[in-house]
Amino acid sequence: MEDPSRCSHTFSVPSYDLPGDDRSEGRRWMLTEDVPGVTDRVWSCAHDALPERDVCPFHCPPDERPPDLDETDAFRSCLARAATADDQRRSRRLCQFIDATFEELAFRGTTVGGEVNHAINLAHAEIGESDWTDATFRQPIRCSHATFTGPLTLRDARFERSGGFRNATFEGDVQLRGGVFAGPAVFKHADFRGDARLWYTQFEAHANFRRARFRDVAYFEAVDFTDYARFTRATFDGETTFKLAEFDDDADFDGARFRGDHGFRRASFDRITDFSDALVEGPLDLSTAEVATLELTPSAEAGDRREDAHTDEGSAETQCVNLREATVGSGTLGQPASGSVLYDCTDATLGDVSFTDPDGGPVCDRVRFARTRFEDFVFENDDLDPAAAGWRLSEVADPGALPEASRGAPDTETLRQTFLNAKNGADETGNNTAASAFFYRELTYRRRRYAELARDGTRRWRDRAADATKWGRNLALMLSTGYGERPDRVVYSSVTIIVFFALLYARFLSDVEYAPVDYVVFSFQSFITFILGTPPAGTARSVEVLSAVEGFVGAFFIALFVFTFTRRINR
């Protein structure tokens with residue numbers, strides 16, 4: 001026989017959808033037969049009914065409640081009774097507020113629960129505007145499938161145990177500035193329909209936002225994730241920022257979708273960070289972020305999701321990842337099975353990072369290097385192969401897909417600095433072939449920069465003349481030695497000088513007939529200087545001077561050849 005003093009409210013337990021990997025996870029958030037009060041998929045309330053009514057304060061329609069009823073006081077009274085209950089089952093039942101309706105839960109500056117270990121269960125509840133500022137929750141709280149119909153303020157709130165908001169719907173704004181989750185925080189499948197502002201929040205344990213949806217702004221500015229942070233398949237419809245966020249453990253954004261402006265400016269990721277299969281409208285913005293290990297390897301499924309996401313005809317096949325001024329310590333940056341991904345590494349710092357393609361083709365034209373710094377970066381690793389691209393580092397296949405600041409051809413000084421950094425990076429890893437190619441191009445763009453400065457009419461003529469001189473010396477070094485990287489050019493230059501002096505000898509010895517080969521032999525003997533050239537009898541003093549000059553030049557070129565040849569061997 002039912003107790004007439006008890007609430008008669010019952011709730012039919014729905015068939016919960018368990019998508020994806022949820023089937024292997026714990027089901028404590030569900031109303032199963034293991035939950036006290038659930039029998040044959042029907043939950044019954046255990047709270048005392050209101051006087052002259054058959055339902056408790058939490059299941060009584062709001063317009064039928066006594067005017068002097070304080071929902072919050074009634075709620076806390078139930079928790080106090082749960083703490084003093086002799087029977088654990090009874091204690092758990094008193095902490096159940098399933099399918100309840102609260103016009104307001106005002107916990108501002110209070111301590112909620114803490115005398116027992118089991119959770120406060122607000123599953124499927126409907127909660128109106130609530131202020132939980134400075135509140136401390138000492139019991140686990142479960143709000144799975146709950147609906148918050150008004151704004152929820154959690155400024156400086158502290159959850160000392162787990163906080164479960166799985167499948168919760170937040171119809172109003174959520175303010176969580178300065179909140180602390182000391183236990184696991186679960187917002188899996190949560191639906192944030194208003195602003196979600198989580199500034200300066202600390203997640204000291206696992207933070208799970210898998211498949212959560214943020215329909216308006218989502219601010220995670222300066223949030224500290226001490227443990228694993230999971231945003232797998234989360235959807236961000238509005239403006240999103242993780243500025244200054246700190247991820248101390250692994251961070252998973254695999255399959256996340258960003259439909260609006262977003263950014264991770266100066267965010268830090270201390271361990272493995274996965275952005276594989278992320279979908280974005282425009283570039284994926286990781287600029288200025290610091291990432292220890294970045295994994296971005298699109299799967300075959302990503303192409304199908306991208307086709308489903310882009311319904312308009314002519315949607316771009318090229319995506320972009322903005323790594324401007326970012327620091328990436330290691331990781332793998334890949335390409336999708338269809339389409340392509342461009343990586344803008346302007347002013348970035350790259351460590352042991354691999355660029356790959358599932359087809360094994362070169363991907364150098366899908367990475368833009370501009371003033372990029374290289375620390376333990378291995379050129380020609382995996383599928384990058386800059387040699388196949390003619391050692392061009394700043395040209396990409398579809399520049400229109402790059403962020404606006406990176407579009408257009410880089411200026412000469414940018415190219416010079418890029419190849420200088422690349423040369424230094426290749427030297428550090430012992431890649432002599434790449435270092436040689438980058439060094440040659442760095443000096444080439446340095447010469448072009450001298451030419452630009454020499455032609456600049458706004459500068460003083462002395463400075464312009466100095467730069468013109470530098471341009472000339474650079475050009476001479478390029479033609480004669482290939483900047484010390486081309487021994488064959490020293491040989492070609494030497495032959496040219498020998499022939500030139502042979503012509504001069506023919507001019508000054510025109511009064512005596514010699515065969516043309518005699519002039520060449522005499523010039524060659526003078527050039528190498530190890531065999532003294534003996535001018536014919538009666539030779540003018542000018543010929544002797546020419547011979548001495550050629551000997552000096554020859555000794556210089558022999559030294560250049562030894563230097564470049566030895567350098568080439570060492571390369």
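Helices here are DSSP runs of H or I with at least four residues, and strands are runs of E with at least two. On that basis, in this predicted model, residues 545–565 are 100% helix and 0% strand. The C-alpha atoms at the two ends of this segment lie 30 Å apart. The segment also appears in a database record: an unreviewed UniProt entry lists residues 490–509, 516–533 and 545–565 under "transmembrane region".

A nonpolar patch of about 740 Å² is present on the surface. Its members are V491, Y492, V495, V499, L503, F561, V562 and F565. Two elements, α7 (487–508) and α9 (541–570), each give two or more residues to this patch. Helix α7 supplies the largest share, with five residues. V499 is located in helix α7. Its relative accessible area is 42%, so V499 is classed as partly exposed.

A second patch on the surface is negative and consists of D63, E64, D70, D73, E103, E104 and E129. Among these, D70 sits in the loop that runs between β3 (42–44) and α1 (71–84). D70 is partly exposed because its relative accessibility is 36%. L69 is likewise placed in the loop between β3 and α1. With a relative accessibility of 26%, L69 counts as partly exposed. The C-alpha atoms of L69 and V223 are separated by 38 Å in space, and the two residues by 154 positions in sequence.

Charge pairing was examined next. Side chains of opposite charge can pair when their charged atoms come close. Across the whole structure, 24 salt bridges are found. One of them joins the side chains of D249 and R271, with an N to O distance of 3.3 Å. This pair links distant parts of the chain, since D249 is in the loop between β29 (246–247) and β30 (251–252), whereas R271 belongs to strand β33 (residues 268–274), 22 residues apart. D249 has a relative accessible area of 18% and is therefore buried. The value for R271 is 43%, so R271 is partly exposed.

A further salt bridge is formed by E281 and R257, whose closest N and O atoms are 3.9 Å apart. E281 is in the loop between β34 (279–280) and β35 (284–285), and R257 is in strand β31 (residues 257–258), so this salt bridge ties together parts 24 residues apart in sequence. E281 is partly exposed because its relative accessibility is 40%. R257, at 15% relative accessibility, counts as buried.

In another salt bridge, the side chains of D357 and R366 meet with an N to O distance of 2.9 Å. D357 and R366 are both buried. E413, R416, E442 and R446 are joined into one network by salt bridges that share partners. Within this network, R416 is found in helix α4 (residues 412–428). The relative accessibility of R416 is 12%, so R416 counts as buried. R416 and V38 are 378 residues apart in sequence, and their C-alpha atoms are 72 Å apart in space.

Backbone geometry was considered for two residues that are not glycine. D99 has a positive phi of about 60°. D99 is placed in the loop between α2 (88–94) and β4 (101–102). With a relative accessible area of 22%, D99 is partly exposed. Y483 also has a positive phi, with a value near 60°. Y483 lies in the loop between α6 (461–481) and α7. Y483 counts as buried because its relative accessibility is 3%.

Methods:
Residues are numbered from 1 along each chain as its sequence is written. This is a predicted model: local features need pLDDT of at least 70, side-chain atom pairs count only at pLDDT 80 or more; totals for chains, interfaces and linings use all residues. Side-chain values use heavy atoms; hydrogens and water are left out. Patches are made of residues with over 30% relative accessible area and no salt bridge: like charges are joined within 9 Å, nonpolar side chains (Val, Leu, Ile, Met, Phe, Trp, Tyr) within 5 Å. Accessible areas come from the Shrake-Rupley method with a 1.4 Å probe; for residues, only the protein chains shown count as cover. A salt bridge is a side-chain nitrogen of Lys or Arg within 4 Å of a carboxyl oxygen of Asp or Glu. Lys and Arg count as positive and Asp and Glu as negative; His and the chain ends are not counted. The place of a charge is taken as NZ of Lys, CZ of Arg, CG of Asp or CD of Glu. Buried means under 20% relative accessible area, exposed over 50%, partly exposed in between (1.4 Å probe, protein chains only). UniProt positions are given in the numbering used here, feature names are shortened, and annotations may be inferred rather than shown by experiment.
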